[in-house]
Amino acid sequence: GALGTPGYMCPRYVSNGKFGAKSEVYSFGMVLLELLTGQVQNKPADLFAVYIEDQDRDLASDADSRAGVWHSAVITELVALATECLDSLGRRLPSIAKA
């Protein structure tokens, strides 16, 4: 079976067992999502389901207020990068060098 931490593993890796750099990009996207929201993956919610699958949810407006005021350019770029890294279909997963 697939080895890794549930909730941080790329769904493609979990389904086919092929691990690569793009699997790491997905995991990095989950860490960015935690950074942005101030929440921990799977405690209690699946952040991927809440913020990526449910496209009605505005990740920028749910940014962790404990981090202070987020500069709009920073939050826009971080949301875009996290979303791109978490593209579960892998259509355009960036390389780890870009992430």
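Colleague: Let's start simple: how many helices and strands are there in the protein?

Modeller: Heads-up, this is a predicted model: local features need pLDDT of at least 70, side-chain atom pairs count only at pLDDT 80 or more, and totals for chains, interfaces and linings use all residues. Residues are numbered from 1 along each chain as its sequence is written, and side-chain values use heavy atoms, with hydrogens and water left out. Helices (H or I, at least four residues) and strands (E, at least two) are DSSP runs numbered from the N terminus. From that end the elements read α-α-α-α, and the tally is four helices and zero strands.

Colleague: What share of the 99 residues is buried?

Modeller: Buried means under 20% relative accessible area, exposed means over 50%, and partly exposed is in between, using a 1.4 Å probe and protein chains only. By that rule, the buried share of the 99 residues is 33%.

Colleague: Helix 2 next: why do we say that its end-to-end distance agrees with what it should span?

Modeller: The expected span of a helix is 1.5 Å times one less than its number of residues. Helix 2 has 17 residues, so it should span 24 Å. The distance between its end C-alpha atoms agrees with that, coming out at 25 Å.

Colleague: And which residue just after helix 2 takes a positive phi?

Modeller: Helix 2 covers 21-37, and its buried residues include L36 and T37. Just after the helix, a positive phi of about 70° belongs to G38.

Colleague: Which residues have the most contacts inside the largest nonpolar core?

Modeller: A nonpolar core is a set of buried Ala, Val, Leu, Ile, Met, Phe, Trp, Tyr and Cys residues joined through side-chain atoms within 4.5 Å. The largest one here has 21 residues. Helix 2, helix 3 (47-53) and helix 4 (72-85) each supply at least two residues of this core. Those with the most contacts inside it are Y26, M30, L33, L36, F48, L59 and L86.

Colleague: Is Y26 buried or exposed?

Modeller: Look at its company: Y26 touches Y8, M9, C10, P11, F48, C85 and L86, leaving out residues up to four places away in sequence. Its relative accessibility is 4%, so Y26 counts as buried.

Colleague: There's one aromatic pair in the structure; what kind of pair do Y26 and F48 make?

Modeller: Rings of Phe, Tyr and Trp (its six-membered ring) pair if their centres lie within 6.5 Å; planes under 30 degrees apart count as stacked, over 60 as edge-to-face and the rest as tilted. This pair links distant parts of the chain, with Y26 in helix 2 and F48 in helix 3, 22 residues apart. F48 has 8% relative accessibility, so F48 counts as buried. The ring centres are 6.0 Å apart and the planes are at 45°, so the pair is tilted.

Colleague: On to the loop between helix 2 and helix 3, where N42 lies: which residues is N42 in contact with, leaving aside neighbours within four places in sequence?

Modeller: Contact means heavy atoms within 4.5 Å. The C-alpha atoms of N42 and G7 are separated by 6.7 Å, though the two residues are 35 apart along the chain. With those neighbours left aside, N42 is in contact with P6 and G7.

Colleague: What is the phi of N42, roughly?

Modeller: Most residues other than glycine have a negative phi, and most peptide bonds are trans. N42 is not a glycine, yet its phi is positive, at about 65°.

Colleague: Which two residues does the cis peptide bond join?

Modeller: One of them sits in the loop between helix 2 and helix 3, and that's P44. Omega is about -5° at this cis bond, which joins K43 and P44.

Colleague: Last one: two salt bridges turn up in the whole structure, so which residue does R66 pair with?

Modeller: A salt bridge is a side-chain nitrogen of Lys or Arg within 4 Å of a carboxyl oxygen of Asp or Glu. R57 forms one with D62, the closest N and O atoms being 3.0 Å apart. R66 is exposed, with a relative accessible area of 66%, whereas its partner is buried at 13%. Their closest N and O atoms are 2.9 Å apart, and the partner of R66 is D64.
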